[in-house]
Amino acid sequence: MRIFAQPAVLNIKGDIMKRLLLSSLTLVLAFSASAQKNDVTKEKFTPFYTSGEAPKLEMVLPEPPAYNSTRYQDDCAMYQWGKSVRNTERGQQAIEDAGINARYFMKRFSPVMGVNLTPEEFPHLYRLLSRAHLTEQQAGAGAKKHFARVRPYQQFNEPTAVPGSESATDYTSYPSGHTHASWLAGLILTAIDPDHTAEIMKVAYELGQSRVIVGFHYQSDIEAGRVAGSITFARLYSEAEFQKMMNDAIKEFKEKRK
């Protein structure tokens with residue numbers, strides 16, 4: 001017995017399968033495009049204000065210690081201390097602390113805040129820290145150029161623990177930009193999670209000391225960086241956009257912490 005309808009049935013099934021495959025492919029592509037679009041780490045950020053709008057830190061900070069001063073002797077003593085701990089667990093932490101950015105700050109402060117801070121789970125916080133870091137770079141540029149202090153490894157002609165970042169002509173030791181940024185990040189995170197103020201600021205303090213350990217800054221650079229971070233934090237609060245982003249980050253943190 002002949003079944004004349006069979007080829008038509010096969011064609012219909014084939015058409016259905018093709019449509020299903022095309023629909024699935026379309027959904028996959030749409031999902032992929034959406035994921036890329038929503039990837040906060042791919043966004044472009046700008047500082048909250050430029051170097052021309054920033055407070056003139058060189059008018060606030062004291063001159064770096066003179067070579068014949070007791071403060072410089074303290075700087076040298078701390079430099080020697082830093083070298084003495086490079087081959088320890090603390091020294092390894094200092095090397096890791098050299099690569100700061102918003103993602104690293106979130107990772108570094110997560111343990112003391114009791115929350116796994118990631119850009120994916122906390123996009124508002126990532127945006128805030130990214131823009132704050134860019135602002136720090138703008139805010140500290142004038143003072144670094146004004147003081148033009150030689151870095152310890154340049155002064156003593158000795159290797160650092162982060163050789164890939166060394167430069168023979170980068171005279172920007174004072175104030176410490178890493179410390180400026182990490183102290184600022186600590187203050188921001190304290191405002192978001194005041195229950196862990198001491199723990200957060202202890203990490204911020206350690207991030208600054210890491211720069212002494214790796215040999216990129218004197219202790220007085222670090223202390224000036226902390227002052228700079230406090231000034232930048234206070235200045236940022238005059239920006240309506242910063243206030244809004246802070247409120248978004250606080251709300252996000254409270255919701256995700258539950």
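A148 sits in the loop between α5 and α6. In this predicted model, A148 has a positive phi of about 45 degrees, even though the residue is not a glycine. Its relative accessibility is 41%, so A148 counts as partly exposed, given that this label covers values between 20% and 50%.

A second residue invites a look beside A148. N157 lies in the loop between α6 and α7, and its phi is also positive, near 55 degrees, in a residue other than glycine. N157 counts as exposed because its relative accessibility is 71%, and the cut-off for that label is over 50%.

That same loop between α6 (152-156) and α7 (177-192) holds P175. Here the backbone feature to look for is the peptide bond from Y174 to P175, which is cis, with omega near -5 degrees.

Now for a residue within a helix: R131 belongs to α5, which spans residues 123-147. Is R131 buried or exposed? With a relative accessibility of 8%, R131 counts as buried, since the limit for that label is under 20%. What does its side chain meet there? The side chain of R131 makes a polar contact with the side chain of E241, at 2.7 Å. Beyond its neighbours within four places in sequence, R131 is in contact with F45, T46, P47, F48, E241 and M245, so E241 appears in both descriptions.

Here are the accessibility values side by side:

| Residue | Relative accessibility | Class |
|---|---|---|
| R131 | 8% | buried |
| A148 | 41% | partly exposed |
| N157 | 71% | exposed |

Notes
Residues are numbered from 1 along each chain as its sequence is written. This is a predicted model: local features need pLDDT of at least 70, side-chain atom pairs count only at pLDDT 80 or more; totals for chains, interfaces and linings use all residues. Side-chain values use heavy atoms; hydrogens and water are left out. Helices (H or I, at least four residues) and strands (E, at least two) are DSSP runs, numbered from the N terminus. Buried means under 20% relative accessible area, exposed over 50%, partly exposed in between (1.4 Å probe, protein chains only). A polar contact is a pair of N or O atoms within 3.5 Å; within protein, one must be able to donate a hydrogen and the other to accept it, and residues adjacent in sequence count only if both atoms are side-chain atoms. Contact means heavy atoms within 4.5 Å.
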